[in-house]
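Biologist: Please take a close look at one part of this model for me, starting from a single residue, and then place that residue in the wider fold. I would like the local details first and the helix packing after that.

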Amino acid sequence: MTHENIQPEAQAILEPAGTRVRDPRTGRSLWMAGVLSEGTLTEDTLQVTMQFHPDHTDTQMQVMQQSLLQQINAIGWKGNVECSITVEETAEPVENTKKASEPVRGMSGGGMGPHGGPIQKQKLEGVKHIIAVASGKGGVGKSTVSVNLAVALAKQGHKVGLIDADVHGPSLPMMMKVSATPIANDDRKIVPIVSYGVKCISMGLLVDKDEPIIWRGPMVMGVIRQFFQTVAWGELDYLIVDLPPGTGDAQLTMVQAVDLSGAVIVTTPQAIAVQDAIRGVEMFKKLEVPILGIVENMSFLTLPDGSLVHPFGQGGGFETSLRYKVPLLAQLPLDERIRLGGDMGTPVALSDEDCSKAFVDIAKTIHEHSED
Ligand SMILES: Nc1ncnc2c1ncn2[C@@H]1O[C@H](COP(=O)(O)OP(=O)(O)O)[C@@H](O)[C@H]1O
Ligand SMILES: [Mg+2]
């Protein structure tokens, strides 16, 4: 039994929903027990086929069906659901190498047991390290750090990919100066666009740049999964993932979908950003993703007379790094050249400007701490 008749878009809804409902016959989740045999998603309708076994009683079938519908609703799908049922001898559990008693990463916070069956994490073949760049708050410089880190690693001779996972507010096309629409190769995988030696993918490359992306959570999750699984990344030393702000569905999906090497947390020194950054750190800790370090952005501004001022306060990133005993990777200046680099699509890390050095140092530190 496989999930081959479940479309990836439908899987983004059916896997989390089906994982939370138990099949009493096998003791596994509907997802892992192979009860969900077909799934397709059109704009407003999710079609699912539940394949029961002749040993299931009518009541069991009804309860499983109702629970599945509740879970589909609970994870945010508000469209129609058409659920059909078949009863066949052949419904068999999906092959699974993990024991059912293992906790489900991402669903197991606080030592809770699995809600159904374990979620299978995908190893990305050929990709050595996947690094998420995250923050609790938007506008703190996550994309700036992601882009410059990617470029700095590439400049140091590594093979680098960059995923812009901020589906609602993609900034990679502008910051990396890419506009070409990616095409599919013979294996029906999307070929990433290369800019400054970095392989790039972003929702902004797949839709019209002025078109608002008004999608529900499950669709966003589907796209993020596809960025990992249906892009032809080839051999990479580092795949950097620029996450959207917050600790919601997109972040969870990402952590559940792939084996992350670690996360870099970006914050400004001000209290409100630090508070949100702490939430981010806590989330990754709970999901057992190592924190590679904190980047404090917009830490200081150098005035023309050479003196330093701190428009966003002082010490927030440093205190967070002490509190969690993780490295403070950098304190970046508030500098017009960094902003211009983003707006012009020429990341400052490409240049020999003094403010590019900090990004080069972050890249070196990350590389030194990554195992080959
Ligand atoms: N250190 C910095 N100095 C000057 N401008 C910066 C700096 N860091 C980020 N910016 C600018 O601030 C804005 C928000 O940064 P961005 O990286 O898009 O944040 P996020 O991805 O966290 O929302 C961008 O216009 C960017 O160019
Ligand atoms: Mg951003």
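Modeller: The residue is Thr 49, which is found in strand β4, residues 45-52. Bear in mind that the model is predicted. Thr 49 has 17 other C-beta atoms within 10 Å, and is therefore partly exposed; the cut-off for a buried residue is 20 or more. Leaving aside residues up to four places away in sequence, Thr 49 touches Ser 37, Glu 38, Ser 84 and Thr 86. A further link across the sequence is with Ile 6: the two residues are 43 apart along the chain, and their C-alpha atoms are separated by 9.5 Å.

As for the wider fold, the protein chain has twelve helices and 14 strands. It has 372 residues, and 47% of them count as buried. Among contacts with a separation of 6 or more, 75% are accounted for by residues 24 or more positions apart.

Helix α1 covers residues 8-19. Its twelve residues reach 16 Å from the first C-alpha to the last, close to the 16 Å expected at 1.5 Å a residue. Eleven of the twelve residues of α1 are buried, so this helix is largely enclosed by the rest of the structure. The buried residues of α1 include Glu 9, Gln 11 and Glu 15 as well as Ile 13, Leu 14 and Pro 16.

One partner of α1 is helix α3, residues 58-74. Two packed helices are described by the angle between their axes and the distance between the axes. For α1 and α3 the axes come within 9 Å and cross at roughly 125°. The two helices are therefore oblique to each other, and their crossing is right-handed. Ile 13, Ala 17 and Gly 18 of α1 make the contact with Leu 68, Gln 71 and Ile 72 of α3. By class, four of these residues are nonpolar, two are polar and none is charged. From the α1 side, Ile 13, Ala 17 and Gly 18 are also on the list of buried residues.

Later in the chain comes α9, residues 271-286. α9 has 16 residues and reaches 23 Å from its first C-alpha to its last, close to the 22 Å expected at 1.5 Å a residue. Its buried residues are Ala 273, Val 274, Asp 276, Ala 277, Gly 280, Val 281, Met 283 and Phe 284. The elements that cover these buried residues include β6, α8, β11, β12 and α10.

With α10, the axis of α9 comes within 10 Å and the crossing angle is roughly 30°. That makes α9 roughly parallel to α10, since the limit for this label is 35 degrees. The crossing of α9 with α10 is right-handed. On the α9 side the contact is made by Ala 271, Ala 273, Val 274, Ala 277, Ile 278 and Val 281, and on the α10 side by Gly 316, Thr 320 and Tyr 324. Seven of the contact residues are nonpolar, two are polar and none is charged.

α9 is followed by Glu 288, whose phi is positive, near 60°. Most residues other than glycine have a negative phi. Glu 288 sits in the loop between α9 and β12. With 13 C-beta neighbours inside 10 Å, Glu 288 counts as partly exposed. Another positive phi in a residue other than glycine belongs to Tyr 196, near 50°. Tyr 196 also lies in a loop, between β8 and β9, but counts as buried because it has 20 C-beta neighbours inside 10 Å.

A further helix pair is α4, residues 142-155, with α12, residues 357-368. Their axes come within 8 Å and cross at roughly 70°, so α4 and α12 are roughly perpendicular to each other. This crossing is right-handed. Asn 148, Leu 149, Ala 152 and Leu 153 of α4 meet Phe 359, Val 360, Ile 362 and Ala 363 of α12. The contact of α4 with α12 has seven nonpolar residues, one polar and no charged.

Methods. Residues numbered from 1 in each chain as written. Chains lettered and ligands numbered in written order. Predicted model: local features only at pLDDT ≥ 70, side-chain atom pairs only at ≥ 80, totals over all residues. Axes fitted to C-alpha atoms, helices over the stretch in contact; angles between N-to-C directions. Helix = DSSP H or I, 4+ residues; strand = E, 2+ residues; numbered from the N terminus. Parallel < 35°, antiparallel > 145°, perpendicular 65-115°, else oblique. Left-handed = near helix turned anticlockwise from the far one by under 90°. Contact = placed C-beta atoms within 7 Å. Nonpolar A, V, L, I, M, F, W, Y, C, P; charged D, E, K, R; others polar. Expected span 1.5 Å × (residues − 1).
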